[in-house]
Amino acid sequence: MMTTASADRAAPSTLSTRRPELLAAAAATVTVVLWASAFVSIRSAGAAYSPGALALGRLLAGAVALGVICVVRREGWPPRAAWPGILISGLLWFGFYMVALNWGEQQVDAGTAALIVNIGPILIALLGSRLLGDPMPPRLLAGMAVSFAGAVTVGLSMSGGGGSSVLGVVLCLLAAVGYAGGAVAQKPALGRASALQVTTFGCLVGAVVCLPFAGQLVTEAGEAPLSATLNMIYLGVFPTALAFTTWAYALARTTASRMGATTYAVPALVVLMSWLALDEVPGLFTLAGGVLCLAGVAVSRSRARTTRAAVAPETVPEPQPEREQA
């Protein structure tokens, strides 16, 4: 009777305890899906916009969307202690990363770019362990290894002959470094400000950094087809404003290393979206790499099963009657 009642009371408490973890996983899923869709939109908008102009237009659209939400929610300014992380992430991730990636994808094929950028989660794990003290459990390391093998498989299967250049490889490598540095810098800021504040002001910092490309944006916007401009706005509202906010929400509730490993699902989703949106039918080699990416993410986000031994309640020995002294 008592055992059944205790179990009934424990079930809701277990669910409520896991609720933040489930919400963080859902936020990470939204981020990964939207970031994967960004690759398809970048390919479309990049034909009409130069790398810097595309980055600035994307950031301005994202800043407007985030600013409206901040005003409605009365978020206010982040505390002073959060600004170092916001400034670094805005400079490296929102600004430098987007320009370098846009430029790099004009120099190398999509497979090579995806392969090089996916060095980012490894750098996040190393920086997070060194600077933030993030744990590196065996399951995380094993999952990252499996996912990286999948990313290599996808990259090699999608690479076209002679489509790479030294400049493009260097740019994608620099983009991966900027991505890792910005992601790690965000983590301390999220302990002092909300996810929406960190994302909004990081996006604004990135837009300020990209202001030198304003002239190019104005000129190219007048000549670009409507579809390219709509893709740029989509990049700003969804893969930037929404996806970076859900990323920050999830990052505030887990380690940078685990979040970085989650983004290994992006190449697999890019393959699927390219198949559906661009009619690019993937080969078996590409599909196998995508499966490896997803399997590695599943391993890295899983928890080791803890075998709970049934411990009997401590029994206090009954006091023994003292023997009378002779």
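Helices are taken as DSSP runs of H or I of at least four residues, and strands as runs of E of at least two. On this basis, the predicted model contains 13 helices and zero strands. Read from the N terminus on, the order of elements is accordingly α-α-α-α-α-α-α-α-α-α-α-α-α.

Confidence varies along the chain. The mean pLDDT of the protein is 79, with 70% of the residues reaching 70 or more. Among the elements, helix α8 (residues 195-209) has the highest confidence, at 97, whereas helix α4 (residues 110-117) has the lowest, at a mean of 66. Two stretches fall further in pLDDT. Over residues 306-319 the value stays under 50, and the model shows zero contacts beyond four places in sequence for this stretch. Residues 321-326 likewise remain under 50 in pLDDT, again with zero contacts beyond four places in sequence.

With regard to overall packing, buried residues constitute 46% of the 326 residues in the protein. The accessible surface amounts to about 16,900 Å², and carbon and sulfur atoms contribute 67% of that area. Of the contacts with a separation of 6 or more, 92% join residues that lie 24 or more positions apart. One pair distant in sequence is formed by Ala142 and Val299, which are separated by 157 residues along the chain but by 7.3 Å between their C-alpha atoms. Ala142 belongs to helix α6 (residues 138-158). Its relative accessibility is 37%, so Ala142 is classed as partly exposed.

The geometry of helix α2 (residues 51-73) was compared with the expected span. At 1.5 Å a residue, the 23 residues of this helix should cover 33 Å, and the end C-alpha atoms are indeed 33 Å apart, so the two values agree. Just after α2, the backbone of Arg74 adopts a positive phi of about 55 degrees, although Arg74 is not a glycine. Arg74 is placed in the loop between α2 and α3 (83-104). With a relative accessible area of 78%, Arg74 is exposed, the cut-off for this class being over 50%.

The residues on either side of Arg74 in sequence are paired through their side chains: Arg73 and Glu75 form a salt bridge, with an N to O distance of 3.3 Å. The total for the model comes to one salt bridge. Side chains of opposite charge can pair when their charged atoms come close. The two partners differ in exposure class, because Arg73 has a relative accessibility of 56% and counts as exposed, while Glu75, at 18%, counts as buried. The value for Glu75 lies under the 20% cut-off that defines the buried class.

A nonpolar patch is also present on the surface. Phe96, Val166, Val170 and Leu174 make up this patch, and together they present about 350 Å² of accessible area. The greatest contribution comes from helix α7 (residues 166-190), which supplies three residues. Leu174 is located in helix α7. At 37% relative accessibility, Leu174 falls in the partly exposed class.

Conventions
Residues numbered from 1 in each chain as written. Predicted model: local features only at pLDDT ≥ 70, side-chain atom pairs only at ≥ 80, totals over all residues. Heavy atoms only, no water. pLDDT = per-residue confidence, 0-100. Contact = heavy atoms within 4.5 Å. Expected span 1.5 Å × (residues − 1). Patch = residues over 30% accessible without salt bridge, like charges linked within 9 Å, V, L, I, M, F, W, Y side chains within 5 Å. Areas by Shrake-Rupley, 256 points an atom, 1.4 Å probe, with all protein chains shown as cover. Salt bridge = Lys/Arg side-chain N within 4 Å of Asp/Glu carboxyl O. Buried < 20%, exposed > 50% of the residue type's maximum accessible area, 1.4 Å probe, protein only.
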